[in-house]
Amino acid sequence: MSVPMSILALLDERPMYGLQLKEEFEVRTGGVWPLNVGQVYTTLNRLERDGLVLMQVEHDDTHKVYEITESGRASLNSWFSRPTRHVIPARDEIVLKLVLAAANPDAEITAILQTERRAALRRLQEYTKLKTDAGDQADLGWLMAVDSLIFKTESRVRWLDACEERIARAGRITRSPIQPTAAIEQQSVIPEASQ
């Protein structure tokens, strides 16, 4: 996630001070990606150093207000116009857990899968409820962010299902007492999330 570009995009709308930027960012993303105010000010300092924002002290000397410069606007427009660069994926704890459990004959890999599936289904229900509660009048950007979380979580559930099938074909499957519940939860949640 590009915090500097996000800050430039917000400043392109109007000048703001650091705490306003933090709050506006969190409102736009539905609080899903909390932003530390210290990170905001560190980023603003770098943007100012690079000539992308300009800082002005308000007349009462209590707030430093930042505004985007023409160079900042050009940088922002360039960011909007080019495709997002693919980066090396971050280490995914669930993937690491399953990779290591697959090599460990004492690990109850099916139980691990079921635990992860239940957690993913709970998140899917939470994201779907957020979207449903917000209704059609919610901020367009926020709705797109929530949709992204829903689709990623649905994908995670499908991946866990594929892992379980692979484990079954390898003969490592053990039936867990929680499996039927997870299957029922999955059937009731995923169609809802696709709305």
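This briefing describes the confidence, fold, nonpolar cores and salt bridges of one protein model. The model is predicted, with a mean pLDDT of 83. Eight helices and three strands make up the secondary structure, and 34% of the 195 residues are buried. The largest nonpolar core has 18 residues, and the salt bridges number 12.

**Confidence**

- A pLDDT of 70 or more is reached by 86% of the residues in the protein.
- Over residues 175-195 the pLDDT stays under 50. For this stretch the model has 32 contacts beyond four places in sequence.
- Where pLDDT is low, predicted coordinates should not be read in detail.

**Fold and surface**

- Read from the N terminus, the order of elements is α-β-α-α-β-β-α-α-α-α-α.
- Among contacts with a separation of 6 or more, 59% are between residues 24 or more positions apart.
- The exposed surface of the protein comes to about 12,300 Å², of which carbon and sulfur atoms supply 55%.

**Nonpolar cores**

- In soluble globular proteins, nonpolar side chains tend to be buried together.
- Within the largest core, of 18 residues, those with the most contacts are Ile7, Leu8, Leu11, Leu21 and Leu44.
- At least two residues of this core come from each of H1, H2, helix H3 (37-49) and strand E3 (64-68). H1 supplies the largest share, six residues.
- Leu11 illustrates how this core is assembled: beyond its neighbours within four places in sequence, Leu11 is in contact with Met16, Leu21, Leu44, Val53, Tyr66 and Ile68.
- Another core lies apart from this one and has 10 residues, including Ala120, Tyr127, Trp142 and Ile150.

**Salt bridges between separate elements**

- Glu13 and Arg28 form a salt bridge in which the closest N and O atoms are 2.5 Å apart. The pair links distant parts of the chain, since Glu13 is in helix H1 (residues 3-13) and Arg28 is in helix H2 (residues 18-28), 15 residues apart.
- Both partners are partly exposed: the relative accessible area is 47% for Glu13 and 26% for Arg28.
- Arg156 and Asp92 form a salt bridge, with 2.3 Å between the closest N and O atoms. Arg156 lies in helix H7 (residues 140-169), whereas Asp92 lies in the loop between helix H4 (70-81) and helix H5 (93-102), so this salt bridge ties together parts that are 64 residues apart in sequence.
- Asp92 is partly exposed, with a relative accessible area of 25%.
- Asp12, Glu70 and Arg73 are joined into one network by salt bridges that share partners.

**A salt bridge between Arg49 and Asp50**

- Asp50 forms a salt bridge with Arg49, and their closest N and O atoms are 2.9 Å apart.
- Arg49 counts as exposed because its relative accessibility, 60%, is over 50%. Asp50 counts as partly exposed, at 46% relative accessibility.

Conventions
Residues are numbered from 1 along each chain as its sequence is written. This is a predicted model: local features need pLDDT of at least 70, side-chain atom pairs count only at pLDDT 80 or more; totals for chains, interfaces and linings use all residues. Side-chain values use heavy atoms; hydrogens and water are left out. pLDDT is the predictor's confidence in each residue, from 0 to 100. Contact means heavy atoms within 4.5 Å. Helices (H or I, at least four residues) and strands (E, at least two) are DSSP runs, numbered from the N terminus. Buried means under 20% relative accessible area, exposed over 50%, partly exposed in between (1.4 Å probe, protein chains only). Accessible areas come from the Shrake-Rupley method with a 1.4 Å probe; for residues, only the protein chains shown count as cover. A salt bridge is a side-chain nitrogen of Lys or Arg within 4 Å of a carboxyl oxygen of Asp or Glu. A nonpolar core is a set of buried Ala, Val, Leu, Ile, Met, Phe, Trp, Tyr and Cys residues joined through side-chain atoms within 4.5 Å.
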